[in-house]
2 protein chains.
Amino acid sequence: MKLIIDTFGADKGAEEIIHGTIDAMRNKSFEPIFIGDRKIIEKILEEEQMEDYNYRILHSEVQIDHGDSPTMALRQKKDSSLVMGLRLLKEEGDGMISCGSTGALLAGGTLIVKRMAQVKRPAIVLNFPTLRGNTIFLDAGANTDCTPQLLNTFAKIANIYGKEVLEKESPEVYLLNIGAEEGKGDELRLNTYDIMAEESYNFKGNIEARDIFLKGPDIVITDGFTGNMVLKTTEGVATAIMGLLKDAIHQTKDQEILKAMGKVQGLFDYNKTGAAPILGVKKPLFKAHGSSSRKAFKQGIYTMIDFIEKKVNEKIEENLKEES
Amino acid sequence: MKLIIDTFGADKGAEEIIHGTIDAMRNKSFEPIFIGDRKIIEKILEEEQMEDYNYRILHSEVQIDHGDSPTMALRQKKDSSLVMGLRLLKEEGDGMISCGSTGALLAGGTLIVKRMAQVKRPAIVLNFPTLRGNTIFLDAGANTDCTPQLLNTFAKIANIYGKEVLEKESPEVYLLNIGAEEGKGDELRLNTYDIMAEESYNFKGNIEARDIFLKGPDIVITDGFTGNMVLKTTEGVATAIMGLLKDAIHQTKDQEILKAMGKVQGLFDYNKTGAAPILGVKKPLFKAHGSSSRKAFKQGIYTMIDFIEKKVNEKIEENLKEES
């Protein structure tokens, strides 16, 4: 299994990414293709005595910045780690993982690797813990303006993905909305509801944002603008609460408090899944968090290997073909 | 000052509303006009020995339920406390406060009390504490589909309201968006940004959802669908975290932990402001939370009295006229 590792784009630097990959190599069988500064990559691999492992290195000194315009960057930075990686993914890679610019990964996934015929635009899909099991949440920020048809495609994709990663026969699919009752919502939600209600996946109607963390629905469908709002609000509220508690927690000796805080941290621990698939692209493409730790990146590689072994992309493409 | 008190619609029953109003009567000078079950209202006023205070009671046995279609309910339930209250507000009231159906209050505010000439649709405006001062947030859920022009009107309204309640010369106005940079967002946000940038209020550009609680911007403008998402996510995440900590907190004797938890609770304490104005309606109309406690309702009345004394509605109408 050839996995393309983009070593650029992480807040903590390429070292964190390379070390995370090495940790994964020691536990899982795959051939990493590192893209980035050859000297740094070789130095760390040598220090870690990885000479008996299979790996390749492609040298790149060019990085696409998070502020770059995605389509401009793809055109002008053809020798960037991200563009080189996507080209390799198309040609021979089994999967690629990158902390790089989400916009560039989406645009490049579509333009270079190509999207599945039935998917107008790919979506970023999160799989995160709640008080009651995991929730698959999409679109987590890729497409700011969505049509009802696109949201319905997201639901179909999520349904297949959900069967595999939640290990459920028929995961429950919800539409994120301002109220649980039918007939609630804006124009987009009202039209989407009608379409989703006719589909063969297990559509359970609307769900309110407060119930994502409290009830842990299997699958929640929304547009990328709203997805961003929900995720960033979650981050802001959790950070605000933790900030207020931090000093007191650091000093306490109360074991029950520490145990409870551990549970809270588990709820917002992005290290657990490590990376999110960009679904709808023809080859497995994973976006890792910019602030990924070594542990999170390792976990991201595990998540991607599991995804590839379960042939999730093939199953999605097959299912969409059957339906069309 | 005649304040109309809708005693129906509270989760905890009319008693909580009546007691909250009595608490306010003992501290502030106003004449409440209670609408609801006369027997219950009289009984409590008698028990509390309020015979020396000015008040009126209008009897109603009809309640608009939260599930009712707002416009249908307004037409069919003309003797409901909510419709009677809105008619009285139009004729002689100085303000009205209700825990009733938000949809019915909005529709009734527009159809019965009437909206200001320059405001196409009223907005629900929250004023809540953050880590750094209070934030005025609108639309908190009234209008699911908004135009750039409507969002701009909300910004103008919020600017006047903000000057009064934040006591700032020139409050900073932000547009809620998926990124802080210009050029981010969906169609609606891109078009709104261009309009807001031309206005005379102190527009500071985009703000991300995570920064509302962390940075405490003066004013945040968004559509009612997104407003609902942010508020319900906040509620869900805060409830989830508190739920995980609850037992440990109840048992701890660590004073620092308890002090820090007090601060967290303060951040999400809706009792503090008690009620939210529906701005754009010609007379002061306040929506109190359905789960209002006696204390929250009392605070809601205080908030409304302050709003009336500061002549906020008059100032908004004047300002909009000057600009048009």
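The following is a conversation about a predicted model with chains A and B.

Student: What kind of model is this, and what are its ipTM and pTM scores?

Tutor: This is a predicted model, in which local features need pLDDT of at least 70, side-chain atom pairs count only at pLDDT 80 or more, and totals for chains, interfaces and linings use all residues. Its ipTM is 0.93 and its pTM is 0.93. Residues are numbered from 1 along each chain as its sequence is written, chains are lettered from A and ligands numbered from 1 in the order in which they are written, and side-chain values use heavy atoms, with hydrogens and water left out.

Student: What pLDDT does chain A average?

Tutor: Chain A averages a pLDDT of 95, and 99% of the residues score at least 70. The pLDDT is the predictor's confidence in each residue, from 0 to 100. Where pLDDT is low, the predicted coordinates should not be read in detail.

Student: How many residues of each chain are in contact across chain A and chain B?

Tutor: On chain A, 45 residues are in contact with 45 residues of chain B, contact meaning heavy atoms within 4.5 Å. The area buried between the two chains is about 4,100 Å², and carbon and sulfur atoms give 76% of that area. Buried area here is the accessible area (1.4 Å probe) that two parts lose on being put together, summed over both.

Student: How many salt bridges and polar contacts cross the interface?

Tutor: The rule finds four salt bridges between chain A and chain B, where a salt bridge is a side-chain nitrogen of Lys or Arg within 4 Å of a carboxyl oxygen of Asp or Glu. One of them pairs B:Lys232 with A:Glu208, whose closest N and O atoms are 2.3 Å apart. There are also twelve residue pairs in polar contact across the interface, both residues at pLDDT 80 or more. A polar contact is a pair of N or O atoms within 3.5 Å; within protein, one must be able to donate a hydrogen and the other to accept it, and residues adjacent in sequence count only if both atoms are side-chain atoms.

Student: Which helices of chain A supply residues to that side?

Tutor: Helix H7 (187–197), helix H8 (210–215), helix H9 (224–251) and helix H10 (255–267) of chain A each supply at least two residues to the side that touches chain B. H9(A) gives the most, with 19 residues. Helices (H or I, at least four residues) and strands (E, at least two) are DSSP runs, numbered from the N terminus.

Student: How do the residues on that side of chain A divide?

Tutor: They divide into 23 nonpolar, ten polar and twelve charged. Ala, Val, Leu, Ile, Met, Phe, Trp, Tyr, Cys and Pro count as nonpolar, Asp, Glu, Lys and Arg as charged, and the others, Gly among them, as polar.

Student: Where is B:Asp254, and what is it in contact with?

Tutor: B:Asp254 is in the loop between helix H9 (224–251) and helix H10 (255–267) of chain B. Leaving aside neighbours within four places in sequence, B:Asp254 is in contact with A:Thr252 and A:Lys253. The side chains of B:Asp254 and A:Thr252 are joined by a polar contact of 2.6 Å.

Student: Why does B:Asp254 count as buried?

Tutor: B:Asp254 counts as buried because its relative accessibility is 19%. Buried means under 20% relative accessible area, exposed over 50%, and partly exposed in between (1.4 Å probe, protein chains only).

Student: Changing topic, why is helix H4 of chain B described as largely enclosed?

Tutor: Eight of the eleven residues of helix H4 (residues 81–91) of chain B are buried, so the helix is largely enclosed by the rest of the structure. Among the buried residues of H4(B) are B:Leu82, B:Met84 and B:Leu89.

Student: Where is the cis peptide bond in chain A?

Tutor: A cis peptide bond joins A:Leu138 and A:Asp139, with omega about 5°. A:Asp139 lies in the loop between strand E7 (133–138) and helix H6 (148–165) of chain A. In chain B, the peptide bond from B:Leu138 to B:Asp139 is cis, with omega near 5°.

Student: What is the phi of B:Gln49, and is that residue buried or exposed?

Tutor: B:Gln49 has a positive phi of about 55° although it is not a glycine. At 60% relative accessibility, B:Gln49 counts as exposed.
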